[in-house]
Amino acid sequence: MKKQLLPSLVAVAVLGTAALSASAQNLAIVNGKPVPLERVKVLKQQIERSGRQVPAEMEAQIKEEVIAREIFLQEATKRGLDATPEYKQQMDLARQTILIRELFVDYQKKNPVTDTEIKAEYDKFVAANAGKEYRASHILVESEDRAKAIIAEVKAGKKFEDIAKKESKDPGSGAQGGDLGWASPANYVPEFTEAMVKLQKGGLTDAPVKSQFGWHIIRVDDLRDAQLPSLDDIKPQIAEQLEQQKMMQFQESLRAKAKVQ
């Protein structure tokens, strides 16, 4: 009897091990249907791909979410919602969205932005922004006559800052006594820049300067060599910008090659 019993015990042990192995691959059994543990991994990856981290304390929450989805999925299927035209249309749109996203992810993986490209873009930025920075102040008014009168008042000793706070139509700088802070000449409209760069430190425009905003009285408070960020400071921003440019070029190239009738 013992000799006959032993194979049976071995068989039970083997079946038990197989059952445990299958159970280990499932997160849970919902209404008799196994919920694969793989779904937890897929949901975590989906969250991470959206740019969010998945800390260890979220594990239980994700597992509960996977189980809840299975419960709701079973109920929706039981009600026949997976056979409706609306569901099929949404599934087709979802398939398109996911496949297009995978296309773009695949392109980015195979066409990464290189350090050489980043350095070249930084050099272009430096070349375009090198030179002098100006700390200027201005008073913006609506009429040329009033602008001329203000210039005369300042030259006669009236405080520029007080007039700016009281009369300037530029609310941002007006509240600061006309102070525009440090900036490159390229930051301003051409008429303003042309007049400003002719002034020395402490200089005031002899005549009002007209722009699309009104009439300006400009004073240069200080000058300095341009203070530019280092490559390391703005490397992430440059890389992101170049990635976007590459993606746009890729999309445009596909559109150009497509035969649309």
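Which residues is Ser184 in contact with, leaving aside its neighbours within four places in sequence? In this predicted model, the partners of Ser184 are Lys132 and Glu133. Ser184 itself belongs to the loop that joins β4 (179-183) to α9 (190-196). With a relative accessible area of 16%, Ser184 is buried, because the cut-off for burial is under 20%.

A second loop residue, Asn31, was examined for its backbone conformation. Asn31 is not a glycine, yet its phi is positive, at about 50°. The residue is placed in the loop between β1 (26-30) and β2 (33-36). In contrast to the buried Ser184, Asn31 is exposed, its relative accessible area being 68%.

Helix α10 was considered next. The helix comprises 27 residues, spanning positions 231-257. From the first C-alpha to the last, α10 reaches 36 Å, which is close to the 39 Å expected at 1.5 Å a residue. The helix contains a kink of about 30°, and this kink is centred on Gln237. Seen along the sequence, the buried residues of α10 are Ile234, Ile238, Ala239, Leu242, Lys246, Met247 and Phe250. An α-helix has 3.6 residues a turn, so residues three or four places apart point the same way. The cover over the buried residues of α10 includes α4 (85-110) and α5 (115-129).

Glu240 is also located in α10, but this residue is partly exposed, with a relative accessibility of 47%. Its C-alpha lies 8.7 Å from that of Val113, although 127 residues separate Glu240 and Val113 in sequence. A further pair distant in sequence involves helix α5, which contains Ala128. Ala128 and Ala186 are 58 residues apart along the chain, while their C-alpha atoms are 9.4 Å apart in space. Ala128 counts as exposed, at 61% relative accessibility.

Helix packing was then described for two pairs. Two packed helices are described by the angle between their axes and the distance between the axes. The first pair consists of helix α2 (residues 38-49) and helix α3 (residues 59-78), whose axes come within 10 Å and cross at roughly 115°. The two helices are therefore roughly perpendicular to each other. The crossing of α2 past α3 is right-handed. On the α2 side, the contact is made by Arg39, Val40, Leu43, Lys44 and Ile47. The α3 side contributes Glu59, Ile62, Lys63, Glu65, Val66, Arg69 and Glu70.

The second pair is formed by helix α6 (residues 144-155) and helix α7 (residues 160-167). The axes of α6 and α7 come within 10 Å and cross at roughly 150°. This angle makes α6 roughly antiparallel to α7, because angles over 145 degrees count as roughly antiparallel. As α6 passes α7, the crossing is right-handed. Arg146, Ile150, Glu153 and Val154 are the residues of α6 that take part in the contact, and they meet Phe160, Ile163 and Glu167 of α7.

Terms used: Residues numbered from 1 in each chain as written. Predicted model: local features only at pLDDT ≥ 70, side-chain atom pairs only at ≥ 80, totals over all residues. Heavy atoms only, no water. Helix = DSSP H or I, 4+ residues; strand = E, 2+ residues; numbered from the N terminus. Expected span 1.5 Å × (residues − 1). Bend = angle between axes of the 7 residues up to and from the residue. Buried < 20%, exposed > 50% of the residue type's maximum accessible area, 1.4 Å probe, protein only. Contact = heavy atoms within 4.5 Å. Axes fitted to C-alpha atoms, helices over the stretch in contact; angles between N-to-C directions. Parallel < 35°, antiparallel > 145°, perpendicular 65-115°, else oblique. Left-handed = near helix turned anticlockwise from the far one by under 90°.
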